[in-house]
Amino acid sequence: AALVMRKSLLDDAIDGIQLGGVTILLLSFFVISILGSSLPIIFPVIAPAYNFVVGIPSFIMSIPTLLVSAKDNFPTSPEAALQLFASLSVSFKQYLHEIPYKKCVLFFSWATYLWEANLDVRQRDRMHEVRRPLAVSSFVSRQAYLEANAYGLDKSSLELVKNLVSQIQTTLIIVYDAIPWLWNASGCLLEGATGSTGEIAHSLVFFVAATLISTVLSLPFDLYSTFVVERKHGFNKQTVGLFVSDLVKTLLLTVVLGSPVLALFLWVIGLTGSQFYLYAWALLAVVQLVVIAVYPTFIQPLFNKFDPLPEGELRVAIEALASRLNFPLKKLYVVDASKRSSHSNAYVFGFFKSKRIVVFDTLISQCTTEEIVAVIGHELGHWKHNHILRMLVAIQIQTFIIFFTFSLFIGEVAMYQSFGFSTTPVLIGFMLFQYLYQPLDSVLSFCTNVLSRTNEFEADAFSKKLGYGEQLKSGLIKLQIENKGNMNPDHLYSAYHYSHPPLVERLSALDDPSVAPKTE
């Protein structure tokens, strides 16, 4: 309890930042009230922010006039609608020429970071609580609750530091034009080695260099997470050799598989002109389907060993459940997840009539046969309700929005020049666009999480209807305790970040009498 309640240096720093922020805000109001309209003259650097703030009241007051004007000018015929659309398109394209891209990127980047940091701090405050919430006190011991909070606090500390360092790195990269420097260095390296100056080859060298740099920058945090945080709380089973092996394999796969896909995308975009977003979207959909088909069979076995689940009570129970649901089960595997971590899971994969079920060996050691079958029933609920297809469709919609929006910026010379580029390479354009797209991406990711949580509730209900409601509840509780999952999440934090509902919400839904088990 003392360990959970104790405030670390990081907590003191957070409190100091919050107090300093309030102080600065109060001082700002005081200075503004004294200096008034002369403030932007004395401090020209804050003129844009000052003009924006003082313009808010007049904008609010003008809203009724704007609405009346919009109503009066609303198109009443298809010709008028087309004319309005053309006018808005011209205005939008003109506006794109005038956007201060670098300032916008820095603003969006810091706004997103501060929002997510605020959520992290809210969640961290929850994890300092030592009293169990009433909703979990009946099935989670105080010791288990405190251990979960201690694990969460250690992960939170690492994540807060990592995110701050990453944000500072991003800011320095943008402010000091590190991206054009790396692009030019990649071009010099390519030309010196091969004499080639083609954009696709240049982009591939840049991609490899950026991947290596990103890996090196994140490596200290990955090492600390694996060999300090995870080991301290009894989860990590990895050796240094296995960690290095995984790292090398991941890098090689990224370069060997990612480079041809990137080259193909760049070629398609260059070939198809202004309508490239349709072709790039279709190409990515095909690539995603190929990856879904190939990854479990050819890539994942490079990292884990998959063996047929041994004959016995568990195999018989899973096969009986699959037969009962007419699930086309072809293979039933157990994977050696325990060689890296004691975290547990189970999943279903495969297309059409060739489905496979994978059970983590850690799940087998942590749960009873009936509980594991209940978890498998949940996974089969995803299959029965076509959740995988539903998520694929959602991802395709998100991908289409990304490519279509990118098509509006790809040829915008002002964007490239704002970041120090004299040319307009497609890969660079997409990287810069991703910075601009960050706020919309956060909104779409939140929507995807909402859909995912809805799917999880439906899968839970499906398992309950099969008659495994109580077994699923006990299995979920065991997995939450064994994995030291968060028992008391902040509602905003969980709504924004979680793809699965919190445990208490899932248990409450399983207790809903309107979802009754089938009697047959």
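Two strands pair if DSSP finds at least two bridges between them. That idea opens the first view of this predicted model.

**View 1. Strand 3 and strand 4 pair side by side.** Strand 3 covers residues 346–349, and strand 4 covers residues 355–360. The two pair in the antiparallel sense, over four bridges. Look for Val 348: Ile 357 in strand 4 stands opposite.

**View 2. Four strands form an open sheet.** The strand order is 1-2-4-3, and the pairing is mixed. Strand 1 and strand 3 are the edge strands. Each of these edge strands pairs on one side only. On average, neighbouring strands of this sheet are turned by 30 degrees against each other, direction ignored.

**View 3. Helix 14 lies across strand 3 and strand 4.** Helix 14 spans residues 369–384. Helix 14 runs at about 35 degrees to strand 3. Now find Ile 376. Its contacts include Ile 318, Leu 321 and Ala 346, leaving aside residues up to four places away in sequence. Ile 357 and Val 359 are also touched by Ile 376.

**View 4. The largest nonpolar core has 40 residues.** Which residues have the most contacts inside this core? They are Ile 318, Leu 321, Ile 357, Leu 363, Ile 376 and Leu 380. Several elements give two or more residues to the core, among them helix 12 (313–324), strand 2 (329–335), strand 3 and strand 4. Helix 14, helix 17 (426–482) and helix 19 (503–510) do so too. In soluble globular proteins, nonpolar side chains tend to be buried together.

**View 5. Another core lies apart from the largest one.** This other core has 36 residues. Among them are Tyr 277, Leu 427, Ile 428 and Leu 432.

**View 6. Asn 304 sits in a loop.** The loop lies between helix 11 (276–299) and strand 1 (306–308). Is Asn 304 buried or exposed? Asn 304 has a relative accessible area of 16%, so it counts as buried, the cut-off being under 20%. The side chain of Asn 304 makes a polar contact with the side chain of Asp 336, at 3.5 Å. Beyond four places in sequence, Asn 304 touches Val 335, Asp 336, Ala 337, Lys 339 and Arg 340.

**View 7. Helix 7 has 34 residues.** Helix 7 covers residues 142–175. From its first C-alpha to its last, helix 7 reaches 49 Å. That is close to the 50 Å expected at 1.5 Å a residue. Just after helix 7 comes Asp 177, with a positive phi of about 50 degrees.

Methods
Residues are numbered from 1 along each chain as its sequence is written. This is a predicted model: local features need pLDDT of at least 70, side-chain atom pairs count only at pLDDT 80 or more; totals for chains, interfaces and linings use all residues. Side-chain values use heavy atoms; hydrogens and water are left out. Buried means under 20% relative accessible area, exposed over 50%, partly exposed in between (1.4 Å probe, protein chains only). A polar contact is a pair of N or O atoms within 3.5 Å; within protein, one must be able to donate a hydrogen and the other to accept it, and residues adjacent in sequence count only if both atoms are side-chain atoms. Contact means heavy atoms within 4.5 Å. Axes are lines fitted to C-alpha atoms, for helices over the stretch in contact, and angles run from 0 to 180 degrees between N-to-C directions. The expected span of a helix is 1.5 Å times one less than its number of residues. A nonpolar core is a set of buried Ala, Val, Leu, Ile, Met, Phe, Trp, Tyr and Cys residues joined through side-chain atoms within 4.5 Å.
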